[in-house]
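Work through the following exercises with the sequence and the structure open beside you. Each task sentence is followed by a solution that goes step by step.

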Protein chains: 2
Amino acid sequence: MVLTHPSTVESGFLKIQEVASELGLTTRSIRYYEELGLLSPAARSDGSYRLYDASDIERLRFIKGLRDDAGFSLAEISQLLEDEAARVRSREAYSHSVDPLERRSIVVDSLARVERQKRTLRDKISRLEVMVIAVEARHQRLTRRLADLDAGGTGDVR
Amino acid sequence: MVLTHPSTVESGFLKIQEVASELGLTTRSIRYYEELGLLSPAARSDGSYRLYDASDIERLRFIKGLRDDAGFSLAEISQLLEDEAARVRSREAYSHSVDPLERRSIVVDSLARVERQKRTLRDKISRLEVMVIAVEARHQRLTRRLADLDAGGTGDVR
DNA sequence: CACGACCTTCACGTATACGTAAACGTTAAT
DNA sequence: ATTAACGTTTACGTATACGTGAAGGTCGTG
């Protein structure tokens with residue numbers, strides 16, 4: 001049966017609670033991120049409901065990852081994503097541009113942003129690996145101490 | 001513990017501001033971490049100045065790493081380090097214990113904590129690597145788009 | 001023993017990242 | 001057409017992680 005009125009599933013848009021459930025966020029957080037300029041919904045309904053498309057969801061998933069997994073502050077995330085206005089301009093400019101040179105420069109800009117994101121994440125990984133090494137050193141000291149005790153020693157190693 | 005006239009350098013202890021400068025923290029933060037039970041200074045002077053030893057500084061460095069590099073909240077850090085009272089008890093118990101079996105069980109406990117720290121850090125690294133992969137996918141899409149444009153295409157790839 | 005530079009413990013102030021409620025409008029199904 | 005479930009803006013409340021005095025004690029050098 002065909003629905004007479006476009007439902008969110010057929011329109012390709014999701015409402016804020018649907019997005020929130022999907023991503024494990026609250027509607028408040030999503031609105032707050034918008035307030036900070038981290039994203040803006042692809043569209044609004046006639047009654048001005050926020051409507052999110054796939055790219056919005058991808059972006060929100062990335063934001064959540066930066067927050068939860070990487071532990072970045074929203075200010076840092078804002079820096080990483082660059083200002084949303086520029087993104088919207090790029091998106092619009094690209095889709096409306098037919099000039100290959102113009103399209104090229106937009107793509108090059110996006111590439112620069114993505115490379116910066118990669119560097120930032122890799123940098124964070126490096127620092128975490130340094131911490132792992134420090135913890136491993138502590139682990140080794142304790143292991144040696146244990147071995148000494150089990151060999152009848154006093155455990156006063158190093 | 002009464003020190004006649006402890007010069008920080010000769011006593012092997014550092015006062016709070018010296019520790020703060022060394023680690024790039026504020027005295028307020030250090031006192032706050034103590035308030036939360038993340039650490040307690042090895043000693044106090046006669047006039048009740050906080051006095052920190054090498055292990056305190058190592059611990060603070062680790063805390064700072066977990067906060068800045070790993071982006072953990074102080075609550076998570078507290079979990080990772082387990083409660084300070086237990087640490088103090090262990091430290092005291094170990095140094096005063098002569099019973100090898102007792103010393104062994106203390107070392108085994110410490111090992112368990114350190115292994116948990118390693119797992120937590122490795123887990124965080126894994127999640128970050130997943131994010132890097134996602135960013136790399138985006139990077140590749142943009143690169144292909146750029147190649148298409150440079151080959152005279154429209155850049156409407158995929 | 002004086003004095004400046006440090007320390008102590010309250011205690012209130014602040015930025016971030018939301019939670020929560022009020023007052024009201026929208027959507028979709030009955 | 002009604003109504004429950006959801007959305008909107010606005011605004012105040014709250015936990016975390018400190019900053020910033022105030023009021024006073026301590027340290028160590030002259």
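**Exercise 1.** Which residues of α4(B) are buried, and what covers them?

*Solution.* In this predicted model, the buried residues of α4(B) are B:Asp56, B:Leu60, B:Phe62, B:Ile63, B:Leu66 and B:Asp69. The next step is to look at what lies over them: the cover includes α2, α3 and α5 of chain B, together with α7 of chain A. To check the helix itself, take the 16 residues of α4(B), residues 54–69, which at 1.5 Å a residue should span 22 Å; the end C-alpha atoms are 21 Å apart, and so the two values agree. Finally, look past the end of the helix, where α4(B) is followed by B:Gly71, a residue with a positive phi near 75 degrees.

**Exercise 2.** Describe the order of the elements in chain A, and then test the span of α7(A).

*Solution.* Begin with the count, which is seven helices and two strands for chain A. Read from the N terminus on, these elements follow the order α-α-α-β-β-α-α-α-α. The domain assignment divides chain A into domain 1 (8–74) and domain 2 (82–158), and the C-alpha centres of these two domains lie 24 Å apart. Now turn to α7(A), whose 51 residues should span 75 Å at 1.5 Å a residue; because its end C-alpha atoms are 73 Å apart, the expected span and the model agree. Just after α7(A) comes A:Gly152, with a positive phi of about 90 degrees. As for burial, 22% of the 158 residues of chain A count as buried.

**Exercise 3.** How many residues of chain A are in contact with chain B, and which element gives the most to that side?

*Solution.* The contact involves 34 residues of chain A and 34 residues of chain B. On the side of chain A, the elements that give two or more residues are α4 (54–69) and α7 (100–150). Of the elements on this side, α7(A) gives the most, with 28 residues. Sorted by class, the residues of chain A that touch chain B are 16 nonpolar, six polar and 12 charged.

**Exercise 4.** What rotation superposes chain A on chain B?

*Solution.* Start from the general idea that two copies of a chain are related by a rotation about an axis and a shift along it. Here the rotation is 180 degrees and the shift along the axis is 0.0 Å, with an RMSD of 0.1 Å for the superposition. The two copies are therefore related as by a two-fold rotation axis. Among the residues of chain A, A:Gly71 comes closest to that axis, with its C-alpha at 2.1 Å. The same surface serves both copies, since 100% of the contact residues of chain A recur in chain B.

**Exercise 5.** Which residues come nearest to DNA strand C, and which to DNA strand D?

*Solution.* Take strand C to begin with: of the 22 residues around it, A:Gly47, A:Ser73, A:Leu74, B:Gln17 and B:Arg50 come nearest. At least two residues of this surface are supplied by each of α3 (27–35) and α5 of chain A and α2 (16–23) of chain B. By class, the surface near strand C has six nonpolar, 10 polar and six charged residues.

For strand D, 22 residues again lie around the strand, and A:Gln17, A:Arg50, B:Gly47, B:Ser73 and B:Leu74 come nearest. Here α2 of chain A and α3 and α5 of chain B each supply at least two residues, and the largest share, three residues, comes from α3(B). The classes near strand D are seven nonpolar, 10 polar and five charged residues.

**Exercise 6.** Is A:Ser48 buried or exposed, and where does A:Ser48 lie?

*Solution.* A:Ser48 lies in the loop between β1 (43–44) and β2 (50–51) of chain A. A residue is exposed if 12 or fewer other C-beta atoms lie within 10 Å of its own; A:Ser48 has 7 such neighbours, and so A:Ser48 is exposed. Its phi is positive, about 65 degrees, although A:Ser48 is not a glycine. In chain B, B:Ser48 is placed in the loop between β1 and β2, has a positive phi near 60 degrees, and counts as exposed because it has 7 C-beta neighbours inside 10 Å.

Technical notes: Residues are numbered from 1 along each chain as its sequence is written. Chains are lettered from A and ligands numbered from 1 in the order in which they are written. This is a predicted model: local features need pLDDT of at least 70, side-chain atom pairs count only at pLDDT 80 or more; totals for chains, interfaces and linings use all residues. Two residues are in contact if their C-beta atoms, placed from the backbone, lie within 7 Å. Helices (H or I, at least four residues) and strands (E, at least two) are DSSP runs, numbered from the N terminus. Ala, Val, Leu, Ile, Met, Phe, Trp, Tyr, Cys and Pro count as nonpolar, Asp, Glu, Lys and Arg as charged, and the others, Gly among them, as polar. A residue is near a molecule or strand if its C-beta atom, placed from the backbone, lies within 6 Å of it. Copies are superposed by least squares on the C-alpha atoms of residues with pLDDT of at least 70 in both. The expected span of a helix is 1.5 Å times one less than its number of residues. Domain bounds come from an automatic or database domain assignment. A residue is buried if 20 or more other C-beta atoms lie within 10 Å of its own, exposed if 12 or fewer, and partly exposed in between; C-beta atoms are placed from the backbone.
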